[in-house]
Amino acid sequence: MPPPGTHDQVVPILDFGSQTAQLIARRVRDAGVYSILVRPSITPEELRAMNPAAIILSGGPASVFEPGAPDFNPQILDLGVPILGICYGMQLAARHMGAAVTPASHREFGRASLSILNDDPLLRSVPDRTTVWMSHGDQVSGLEAASLVPLAATSTCPFAAVRSNDPQRPFVGVQFHPEVTHTPHGADILRNFLYEIAKCRGTWRMADFAAEQTIAIRVRVGGDRVICGLSGGVDSAVTAALLHRAIADQLTCVFVDNGLLRKNERTLVESTFRDHFRADLRVVDASRDFHSDLAGVLDPQEKRRRIGARFIKVFSDAATGVKGARFLAQGTLYPDVIESGHGHAGHSAGIKLHHNVGGLPKDLPFELIEPLRELFKDEVRKLGEVLGLPDQMVWRHPFPGPGLAVRVLGEVTPERLDIVRECDEILLEEIIAADLYRKTSQVFAVLLPVQSVGVMGDGRTYEHVAAIRAVETQDFMSADWSRIPYAVLERVSSRIINEVRGVNRVVYDISSKPPATIEWE
């Protein structure tokens, strides 16, 4: 990300490792104020140099009582800048101010009913009773010693929102999570903090991000060359477009045919990027190497590691003929970073390894450029529109970096890849025909590592099972399964079973994220 000082106003967020830390940043940006995640160990001097309009302390998975739990310099509370503490962030700040933090007699996880106790700008326009999302086992007590007053409570948390009475410490805290959609008035509370308390102007837009990143890329790259991996997905397309705007002919795009692609993917990528970008595009067919690496591998993390290692090796080989290649650009997004356990605090729970985040070898011969690393998918689409990319690129459904290897559960073979490709193609054809493509966020087929008994004609079959996955989401950190009409599901199932040799059963995945992830592996 570019230096915060380049912005008219900035709200740094101390990231204590919460899975929803970047959601806070996204809500702040949605309100028109630039925000950035920073490490908890940031110094008061570094924050002061940013001239922040406000500061937010995120939640986190740790307890304040745990040895080595992330903390922050309490002198930050004396900067005179409005500060909002959320969950763990509220507890840390309150303890530094003199209050107590104790294990709650009743832990709160999930929805809770909040009652407003005192009128305050933080809770303006929020109903006297409203629903909030809780996720905590500790809570704050002993407010008097910290000059804190209660603003709201739940049945088991008497101090669910607080405010400092000390004018030198304009602090407010909430024990719940206003950043998640499960808190209906959470966006109102964050906007109240930004506009009523911090007096922000709300002038930041995605066009500003594009301009700032363009300058940052030019400064960092200088006269060197950048290699950008293209996959055909929106993330790599937007990354390439941003780089092309910044450095033009210093960019070399490399498309690796890993044999794990959707049907006709290679043809689409070659025609689209050569015609649209007029860029130096080099196509490398390494499908045999990838297939060989994956032979006999069942563990999904091992699949990702091997794909990541081979991916970088192919790039290294491709870079041999690119004079002055120093950087490798990737379309890594923030959900990839968080799910891989690489948050700013170093305390995020690792959910799965992304080949372009945690699977890179230590002897990587390039410096990484990841200009989308702090963005969510919907923000990337907005950036793509700002950069002038066509709708068919910007709104294409996401495709995982490891490709169909994580949609073929169990061993990956050319035969099983062909089956899932055909299933996926039929599914997408029917979704598009039913005008559901833009109404869903991600739709794909999965080949399960089981077989089932069936009857075709007068004979018994024992063949593969295909699963259909369709989700709706704003940010891909959480998602709900799509209510595809039965008639569409019926057509998809009938076509797959009749047209894809080797499949005799189709099932529909109705799991939400969490607890499931969007991809199966």
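Let us call a residue buried when its relative accessible area is under 20%, exposed when it is over 50%, and partly exposed in between, using a 1.4 Å probe and protein chains only. Helices (H or I, at least four residues) and strands (E, at least two) are DSSP runs, numbered from the N terminus. The model you are looking at is predicted, so local features need pLDDT of at least 70 and side-chain atom pairs count only at pLDDT 80 or more, while totals for chains, interfaces and linings use all residues. Residues are numbered from 1 along each chain as its sequence is written, and side-chain values use heavy atoms, with hydrogens and water left out.

A good place to start is helix α8, which spans residues 287-294. Here S287, F290, D293 and L294 are buried. These four lie on the same side of α8, because they cover an arc of only 130° around the axis, the arc being that of the directions from the helix axis to the C-beta atoms. Turn to the other side of α8 and you find R288 and S292 exposed. What, then, covers the buried residues of α8? The cover includes the strands β11 (251-257) and β12 (280-285), together with helix α9 (300-319), where contact means heavy atoms within 4.5 Å. Just after α8, G296 takes a positive phi of about 80°.

Helix α9 also has a salt bridge to show us, that is, a side-chain nitrogen of Lys or Arg within 4 Å of a carboxyl oxygen of Asp or Glu. In α9, R306 and E302 are four residues apart, about one turn of the helix, and their side chains meet in a salt bridge at 2.9 Å, N to O. An α-helix has 3.6 residues a turn, so residues three or four places apart point the same way. Both partners are partly exposed, R306 at 34% relative accessible area and E302 at 27%.

Helix α7 (residues 265-277) offers a similar picture: E270 and R266 are separated by about one helical turn, and their side chains form a salt bridge of 3.7 Å, N to O. E270 is partly exposed at 22% relative accessible area, and R266 is partly exposed at 28%.

Now follow a pair between two helices. E429 forms a salt bridge with R495, with 3.0 Å between the closest N and O atoms. Since E429 lies in α13 and R495 in α14 (residues 486-499), the pair ties together parts that are 66 residues apart in sequence. E429 is partly exposed at 36%, as is R495 at 21%. The two also belong to a network of salt bridges that links E429, E430, R491, R495 and E499. The structure holds 33 salt bridges.

Finally, let us look for enclosed space. On a 1 Å grid over the protein atoms alone, a cavity is a set of points where a 1.4 Å probe fits but cannot get out, and lining residues have an atom within 4 Å of a point. Grid points are joined across faces, edges and corners, and a volume is the space filled by probe spheres set on the points. There are two cavities of 30 Å³ or more, and the second largest holds about 40 Å³. Its lining consists of R262, H397, P398, R407, D424, L428, Y437, V443 and F444. Helix α13 (414-433) and strand β15 (442-456) are the elements that give two or more residues to this lining.

Technical notes
1 Å grid on protein atoms, 1.4 Å probe; cavity = no way out; pocket = protein on both sides within 12 Å on 5 of 7 lines; lining within 4 Å.
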